[in-house]
Amino acid sequence: MSDKEKILSLLNRYSHTVDGGDIEGFAALYDKGAWYVADSPPNRGSKELLDNVGSKVMIYEDGTPRTRHVNANIELEIDEKAGTATGQRYVTVLQQTDALPLQAIFSGHYHDVFAREEGEWHFVETVIHQPFLGDTSHHLKVDDFAKAAP
């Protein structure tokens, strides 16, 4: 698998862990990294991300948050020799619950930094810019998006 394919797989794991209700797995993607909304304090490491963000996600009877994270317009700049990469993408979150018809509840412009260690890529940083918010009342246990929005 190429470095590009490995990074795309990492981006997919982000979506699949959250949408599958594996919030601890999502947070573990940032063991060596930071995740945050621009102009807010970063969540550094998996424990901080789980405590500050993951714990705010509503999980339904089926064990999921009833969401779909859709990555689009992905651009990657990979320095294979240095084992570093940067990227940007748009993320749109769709949600449907018994009380909420299918709709987009969020869209953001994500800026990612990656590093490769022992052949494996990991997140160094994800910063969300220009978030557009819809009805997140069925997704988050708090009103402040910057504190809880995987």
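The paragraphs below lead through a predicted model, from its overall fold to its core, its salt bridges and a few single residues.

Because the model is predicted, local features are reported only at pLDDT of at least 70 and side-chain atom pairs only at pLDDT 80 or more, whereas totals for chains, interfaces and linings use all residues. Residues are numbered from 1 along each chain as its sequence is written, and side-chain values use heavy atoms, with hydrogens and water left out.

The protein contains three helices and six strands, where helices (H or I, at least four residues) and strands (E, at least two) are DSSP runs numbered from the N terminus. Read from the N terminus, these elements follow the order α-α-β-β-α-β-β-β-β. The radius of gyration, taken over C-alpha atoms, is 15 Å, and the globule rule (2.2 Å times the number of residues to the power 0.38) also gives 15 Å for 150 residues, so the protein is as compact as a globular protein of that length. Along the principal axes, the C-alpha trace spans about 50 × 30 × 25 Å. Of the 150 residues, 42% count as buried, with buried meaning under 20% relative accessible area, exposed over 50%, and partly exposed in between (1.4 Å probe, protein chains only). The protein exposes about 7,900 Å², of which carbon and sulfur atoms supply 48%; accessible areas come from the Shrake-Rupley method with a 1.4 Å probe, and for residues only the protein chains shown count as cover. Among contacts (heavy atoms within 4.5 Å) with a separation of 6 or more, 55% are made by residues 24 or more positions apart.

Helix H1 (residues 3–19) is a good place to begin with the elements. H1 has 17 residues and reaches 24 Å from its first C-alpha to its last, close to the expected 24 Å, a span defined as 1.5 Å times one less than the number of residues. The buried residues of H1 are Asp3, Ile7, Leu10, Leu11, Tyr14, Ser15, Thr17, Val18 and Asp19. An α-helix has 3.6 residues a turn, so residues three or four places apart point the same way. The cover over the buried residues of H1 includes H2, S1, strand S3 (67–79), S4, S5 and S6. After H1 comes glycine 21, whose phi is positive, near 85°.

The largest nonpolar core (a set of buried Ala, Val, Leu, Ile, Met, Phe, Trp, Tyr and Cys residues joined through side-chain atoms within 4.5 Å) has 24 residues, of which Tyr14, Phe26, Tyr30, Trp35, Leu49, Phe114 and Phe123 touch the most other members. At least two residues of this core come from each of H1, helix H2 (23–28), S1, S4, S5 and S6, and H1 gives the most, with five. In soluble globular proteins, nonpolar side chains tend to be buried together.

Charged side chains add further links, and a search of the whole structure finds five salt bridges, each a side-chain nitrogen of Lys or Arg within 4 Å of a carboxyl oxygen of Asp or Glu. One of them joins aspartate 3 to arginine 116 at 2.9 Å, N to O; aspartate 3 lies in H1 and arginine 116 in strand S5, so the pair ties together parts that are 113 residues apart in sequence. Aspartate 3 is buried at 12% relative accessible area, whereas arginine 116 is partly exposed at 26%. Another joins arginine 89 to aspartate 112 at 2.6 Å, N to O, linking S4 with S5 across 23 residues, and both of these residues are buried. A further salt bridge brings aspartate 62 and arginine 66 together at 3.9 Å, N to O; aspartate 62 is partly exposed at 47%, as is arginine 66 at 29%.

Arginine 66 is also touched by glutamine 96, whose contacts include Pro101 and Leu102 as well, leaving aside residues up to four places away in sequence. Glutamine 96 sits in the loop between strand S4 (84–95) and strand S5 (103–117) and is partly exposed at 40%.

Two residues remain for their backbone angles. Most residues other than glycine have a negative phi, yet aspartate 39 has a positive phi of about 70°. Aspartate 39 lies in the loop between strand S1 (34–37) and strand S2 (43–44) and is exposed, at 84%. Glutamine 130, with a positive phi of about 50°, is instead found in strand S6 (residues 120–133), where it counts as exposed at 59% relative accessibility.
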